[in-house]
Amino acid sequence: MSLDIGDVHAAAERFRGPGDGPFTLYGAYASFYTGKTRSYLRKKGIPFVERLPSHPRFRQEVSPAARSKRIPILETPEGHVIQDTTAIFEYLERRFPDPPALPPGPRQRLAAYLVDLFASEGLKVAWHYRWNFQEPNRHFVVREFGRSFKPQGSDELLDHYGNVVAARMDGHRPRLGITPELFPAMEAIYFDILDTLEAHFTTTPYLFGGLPSVGDFGLMGPLFAHLGRDPWPLHVMQQRAPRVFRWVEHMNAPEIVAPEFWDVPEAYLPDDQVPDTVKRLIRMFCVDNTPVYQATATLYRDWVEARPYLLGGSVISDDDEDQPNLGPITTPLRGHSITAGAPAHALWVLQRTLDWLAALPPAERAAADALAAEIGAADLLSLDLVRPLTRIGNRLAVGDRP
Ligand SMILES: N[C@@H](CCC(=O)N[C@@H](CS)C(=O)NCC(=O)O)C(=O)O
């Protein structure tokens, strides 16, 4: 049975603890979203085995049950399947609350949610550094893709299957909108992230102190599978930001305390502190991405207002796409403009933070709002989605009217 986002909380409460046998993570090493989930499972000490999407059980049972060919899919020991890393994290965090990946303080938690949002939904840089540096990357990436289809295949087989997947990934080009004139902007974004995190990891093991948060795990999407593993961006990372490289390496280890930080307690920073480096990172993410969320929210509002008859639960895509684009949008990016698909799924991820903010008691809300104003996130967090978004059967859908 596939767990919808509406089911995950109740199911997690029902099956508190490890259950009978390990979880199964269906994913791949070259996959962005598998990277954040694998790191999370390891750091939380959750027992799991990992299988590729070519595994017979994935093809015959798991993927059809989830109605999704995406990875990762998590199968619980009880046989429930969950696609989508946001749903997987919400489920596991309830079932395994210790050590917490959600900092308890409102400032740290807001910052962690925002880093996760931008890293998981906004980092086109990862795609750019994989697919626009063909000469250094292609051989490795194609073989890696091929291997998740034919794990013990010959080089010829890997090249054959890998090229099929590579062509599909290249098909995302128009949706992403990274034209050659934007290549310098992509490089500037990657360098800004590396430089900011390199400064941060000089004195602090994770974003908010001695425990990894959802923000850290979100960053593992782009910083592991693509930027920390494909030959060219890995080279850049190792040369420019060796501490970031070590962080990536350590995020895949099960232990929480890294040897460089043996003296840092396994706890979030006291007094709900958000380090300046993390503020700088989020400020930059907000400048680069807020216009995308604003334009996407406008298209969503237009789409909803054109269909006042829709019942809650109506799927947004006419052709059964799980993460539909709401149309092309043109937004500014580092002195240029970029025309790309409007990612409705990212609005759904954002909405989870908006709902959390709306439910905060007044004093905590004031603390979160003050941080948002300071880091340039107030406009993003004041977006009104007219009608809530939900996911049903792993398809994005309009929710019930508020
Ligand atoms: N929102 C999903 C995204 C998952 C996703 O897009 N995964 C990629 C691999 S990293 C995928 O399966 N892509 C299939 C495709 O693009 O056809 C999540 O958070 O799990």
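# A viewer tour, starting at the ligand

Sort the shell around the ligand by class and you get 4 nonpolar, 6 polar and 3 charged residues. Keep in mind as you click around that this is a predicted model.

**Stop 1: the ligand and its neighbours**

Select the ligand and show the residues around it. You should find 13 of them, and the closest are Arg-70, Ile-71, Asp-84, Thr-85 and Gln-323. Two of those names, Ile-71 and Asp-84, come back later in the tour.

Now turn on side chains and look for polar atoms facing the ligand. Start with Gln-323: one of its polar side-chain atoms sits 2.7 Å from a ligand nitrogen. Next, pick His-345, where an N or O atom of the side chain is 3.2 Å from a nitrogen atom of the ligand. Then go to Arg-168, whose side chain has an N or O atom 3.4 Å from an oxygen atom of the ligand. How much of the ligand's accessible area does the protein cover? On its own the ligand has 510 Å², and the protein covers 85% of that.

**Stop 2: zoom out to the whole chain**

Hide the side chains and switch to a cartoon view. The protein chain has 17 helices and 8 strands. If you show just the C-alpha trace, it spans about 60 × 55 × 55 Å along its principal axes. Does that make the chain compact or stretched out? For 402 residues, a compact globule would have a radius of gyration near 21 Å, and the chain's value of 20 Å agrees with that.

Colour by burial next: 55% of the 402 residues count as buried. Switch on the surface and you are looking at about 16,700 Å² exposed by the protein chain, with 55% of it supplied by carbon and sulfur atoms. Contacts tell you about the fold too. Take those with a separation of 6 or more: 75% of them are between residues 24 or more positions apart.

**Stop 3: from Arg-67 to Pro-72**

Back to the cartoon. Find helix H3 (56–66) and select the loop between H3 and S3, where Pro-72 is placed. Arg-67 is in that loop as well. Check the backbone angles of Arg-67: phi is positive, about 50°, although this residue is not a glycine. Arg-67 counts as partly exposed because its relative accessibility is 41%.

Move along to the bond from Ile-71 to Pro-72. This peptide bond is cis, with omega near 5°. Ile-71 should look familiar, being listed among the closest residues to the ligand.

**Stop 4: His-80 and Asp-84**

Select His-80, in the loop between strand S3 (73–75) and strand S4 (81–83). Is this residue buried or exposed? His-80 counts as buried, at 9% relative accessibility. Show what is around it: leaving out residues up to four places away in sequence, His-80 touches Met-1, Leu-3, Arg-14, Phe-15, Leu-74 and Glu-75.

Step on to Asp-84, in the loop between S4 and H4. Here is another positive phi in a residue that is not a glycine, this time about 95°. Asp-84 counts as buried, with 4% relative accessibility. You met Asp-84 at the ligand too, among the closest residues.

**Stop 5: Pro-99**

Follow the chain through helix H4 (85–95) and stop before helix H5 (106–122); Pro-99 is in the loop between them. Which kind of peptide bond joins Asp-98 and Pro-99? That bond is cis, and omega is about -10°. Pro-99 counts as partly exposed, since its relative accessibility is 25%. Beyond its neighbours within four places in sequence, Pro-99 is in contact with Lys-43, Lys-44, Glu-93, Leu-211 and Ile-256. Try the distance tool on Pro-99 and Gly-218: these two are 119 residues apart in sequence and 17 Å apart in space, C-alpha to C-alpha.

**Stop 6: Ile-178**

For the last stop, select Ile-178, in the loop between helix H9 (173–176) and helix H10 (183–200). Ile-178 is buried, because its relative accessible area is 4%. Setting aside neighbours within four places in sequence, its contacts are Lys-124, Trp-127, His-128, Asn-132, Arg-173, Phe-183 and Met-186. Finish by drawing a line from Ile-178 to Asn-132, C-alpha to C-alpha: the two are 46 residues apart in sequence and 9.4 Å apart in space.

Terms used: Residues are numbered from 1 along each chain as its sequence is written. This is a predicted model: local features need pLDDT of at least 70, side-chain atom pairs count only at pLDDT 80 or more; totals for chains, interfaces and linings use all residues. Side-chain values use heavy atoms; hydrogens and water are left out. A residue is near a molecule or strand if one of its heavy atoms lies within 4 Å of it. A polar contact is a pair of N or O atoms within 3.5 Å; within protein, one must be able to donate a hydrogen and the other to accept it, and residues adjacent in sequence count only if both atoms are side-chain atoms. Accessible areas come from the Shrake-Rupley method with a 1.4 Å probe; for residues, only the protein chains shown count as cover. Ala, Val, Leu, Ile, Met, Phe, Trp, Tyr, Cys and Pro count as nonpolar, Asp, Glu, Lys and Arg as charged, and the others, Gly among them, as polar. Helices (H or I, at least four residues) and strands (E, at least two) are DSSP runs, numbered from the N terminus. The radius of gyration is taken over C-alpha atoms; the globule rule is 2.2 Å times the number of residues to the power 0.38. Buried means under 20% relative accessible area, exposed over 50%, partly exposed in between (1.4 Å probe, protein chains only). Contact means heavy atoms within 4.5 Å.
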